[in-house]
Amino acid sequence: MSSGGLQLENISRRLGARSLLHEISLEVPAGECLALLGPSGCGKTTTLRVVAGLDPVSSGRIWLQGRDITRLDPGRRQVGMVFQSYALYPHLSVEGNLELGLEIRRVTAAERHRRISTILELLQLVELRHRRPAQLSGGQRQRVALARALLRQPDIVLLDEPMSNLDAQLRDNLRPELRRLLCGGRHPVLYVTHDQQEAMGIADRIAVMSNGFIQQLGTARDLYDQPVNRFVAEFLGRPAINLLLPQQGHQLGLRPEHIRSVNTGGLEAKLTGREWLGNQQLLNLETKRGQLKMLTSADWTPPTELRVSWDQGRELWFEEQSGERVK
Amino acid sequence: MNLRRPIIVAGLLLWSLLPLIWQLQTSFRTPDALVGGSLTSGWTLENYRTVLQGSPSFWRYMVNSALVGTATTGLTLSLAVPAAYGLRQQAATLKRGLLLLLVAAAVFPYVLLFLALLELARQLGWGNQLLALAIPYSGLSLPLAVLLLQAGIADLPNEIEDAARLEGLNLWQRLHRIVLPLLAPTLSSTAILVFLFSWNEYPIALTWISRSELLTLPTAMARIAGSSIYAVPYGAFAAATVLGSLPLLLLVLLFQRAIVSGLTQGAVKG
């Protein structure tokens with residue numbers, strides 16, 4: 001095994017008869033941020049907990065910075081984690097929250113003070129250091145949780161839906177900030193989210209998961225343009241991909257932005273509805289090959305009867321039964 | 001201005017405080033004044049003098065009760081906290097079964113046990129051993145204490161402990177640095193209940209203890225009340241009750257401060 005970064009080798013986790021993780025293998029080099037993306041119950045949080053050591057594995061191996069940590073106690077893994085709920089200690093001040101872990105590790109008082117001051121400054125928490133978690137806003141709590149995770153100079157940083165408790169606008173503002181703080185450092189980052197926009201905005205690569213399997217791992221662009229199966233194609237992209245009625249065991253997928261209206265040829269369509277999106281509009285069309293959603297410019301007034309077409313190069317073909325991409 | 005609320009509140013206060021006020025004033029009256037004297041005469045401290053200068057002094061019983069109460073509370077909590085903490089880690093079905101068992105034990109009328117307990121005390125030579133009382137008292141308090149504490153522990157978010165595990169806190173450190181501080185409100189209310197039970201308990205104390213210098217408050221008071229069949233010493237008895245409830249009052253006021261609600265607010269979510 002190469003040193004540096006995180007490697008998962010065929011990680012499985014079973015709970016009774018249920019399989020939560022199925023032969024998960026992935027590699028995250030130091031400095032890279034990998035997002036685990038998927039619907040709830042897909043195994044993304046379990047993967048994170050397994051790396052942290054909070055949940056045991058049934059089989060497989062975990063390597064971190066060249067060390068086999070599969071059976072190592074969570075407290076000895078050098079993992080910094082931001083929990084979905086932030087999990088701050090409510091009875092301690094911001095400073096107390098940061099100090100507890102260092103104190104347990106017998107870091108000297110002078111060193112503790114130095115490290116805490118540095119991290120408080122980095123995350124702009126200096127003024128808040130005597131407050132209790134209850135006296136902080138959601139965004140401030142997130143920063144404290146982040147400070148606690150980064151404080152120990154971890155070998156890896158794990159984040160479990162760190163944005164899910166924040167409002168939409170704050171989320172948009174925090175994305176670049178989070179990326180600046182986390183990515184490109186000496187440690188790899190695993191970022192769990194169910195929000196594709198967040199995954200694309202923060203991560204270098206994305207692993208799409210469902211039912212305990214990694215469906216596909218690659219850059220956002222790869223996943224969007226070259227999905228390996230129907231699940232990935234449907235999960236990524238808003239508005240969602242159009243799936244036409246199956247023909248001879250195959251199903252055609254078309255992204256709404258790839259459909260355009262034509263004067264002759266193409267497919268006959270009837271306009272059944274319009275959704276105004278501000279900078280664009282989404283047309284709902286009824287055709288003999290099924291319903292279609294089409295993204296067009298906002299100032300075009302479509303007729304009720306129209307003809308639509310698309311480039312053949314944009315077609316994504318899936319096998320009807322398995323959902324595997326064939327072309 | 002709406003007067004209905006203040007009147008209702010005043011009525012409720014009277015309803016609940018009047019017996020206490022009655023008891024308090026009885027403790028300061030001479031026996032003659034109690035039956036048809038006027039309010040301006042017949043006030044005395046004699047009742048308190050009688051009670052406190054008795055042999056042994058009333059203070060002795062207070063100390064006895066306080067010793068038993070403290071030992072009971074300490075023993076109960078030191079067993080109930082690990083038990084409640086352990087319950088959380090159990091599988092759901094086993095946990096449900098254990099909780100049912102605890103509820104059954106908590107509501108069991110313990111008076112049914114006291115003959116058996118007496119027999120035990122005799123076998124073990126625990127009769128007239130003041131602190132030995134703490135053992136049956138703890139045993140009887142444990143089910144309720146574990147139930148209360150496990151409810152408090154169940155309210156603590158799992159992720160807080162996960163975070164502590166990642167930071168390298170071992171089991172003892174997590175219990176000591178995270179769980180117990182967060183449990184302080186539950187812990188103090190449980191402690192009060194246990195102490196109260198021990199402070200008020202009668203049948204076991206009556207049967208286990210016979211030497212007068214080892215009596216606890218309830219049994220000592222019964223002796224004051226039943227010291228003569230011709231005259232019931234109402235005044236002395238009232239004085240004893242007032243003195244006996246003062247420490248409890250003090251304790252509740254003291255613990256009230258520890259029962260800070262909302263301590264866990266902000267631990268989880270925004």
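Let me start with R307(A), which, at 28% relative accessibility, counts as partly exposed, because buried would require under 20% and exposed over 50%. Please keep in mind throughout that what we are looking at is a predicted model. The place of this arginine is in strand 17 of chain A, the strand that covers residues 305–309. Which residues does R307(A) touch, once we set aside its neighbours within four places in sequence? The contacts are R260(A), S261(A), V262(A), N263(A), T264(A), G265(A), G266(A), L267(A) and E268(A). If you take E268(A) from that list, you will find that its C-alpha atom and that of R307(A) are separated by 4.6 Å, although the two residues are 39 residues apart along the chain.

Contacts between distant parts of the sequence also appear when we consider chain A as a whole, since among its contacts with a separation of 6 or more, 62% are accounted for by residues 24 or more positions apart. Chain A has 327 residues, of which 53% are buried, and its secondary structure comes to eight helices and 18 strands. Taken along the principal axes, the box filled by its C-alpha atoms is roughly 80 × 45 × 35 Å.

Now please turn to helix 5 of chain A, residues 168–182, where we can do a small check of length. With 15 residues at 1.5 Å a residue, this helix should span 21 Å, and because its end C-alpha atoms are 20 Å apart, the expectation and the model agree. Where in helix 5 does the kink lie? You will find it at L174(A), shortly before the proline P176(A), with an angle of about 35°. L174(A) is also one of the buried residues of this helix, together with R175(A), L178(A), L181(A) and L182(A). The buried residues of helix 5 pack against several elements of chain A, namely helix 3 (109–122), helix 4 (138–151), strand 7 (156–160), strand 8 (189–193) and helix 6 (196–202). Just after the helix comes G184(A), which takes a positive phi of about 80°.

Finally, let us move to chain B and look at a pair of helices, helix 4 (residues 58–88) and helix 7 (residues 134–154), whose axes come within 7 Å and cross at roughly 40°. That angle is why helix 4 of chain B is described as oblique to helix 7 of chain B. Is the crossing left-handed or right-handed? Helix 4 of chain B passes helix 7 of chain B in a right-handed crossing.

Notes
Residues numbered from 1 in each chain as written. Chains lettered and ligands numbered in written order. Predicted model: local features only at pLDDT ≥ 70, side-chain atom pairs only at ≥ 80, totals over all residues. Heavy atoms only, no water. Helix = DSSP H or I, 4+ residues; strand = E, 2+ residues; numbered from the N terminus. Expected span 1.5 Å × (residues − 1). Bend = angle between axes of the 7 residues up to and from the residue. Buried < 20%, exposed > 50% of the residue type's maximum accessible area, 1.4 Å probe, protein only. Contact = heavy atoms within 4.5 Å. Axes fitted to C-alpha atoms, helices over the stretch in contact; angles between N-to-C directions. Parallel < 35°, antiparallel > 145°, perpendicular 65-115°, else oblique. Left-handed = near helix turned anticlockwise from the far one by under 90°.
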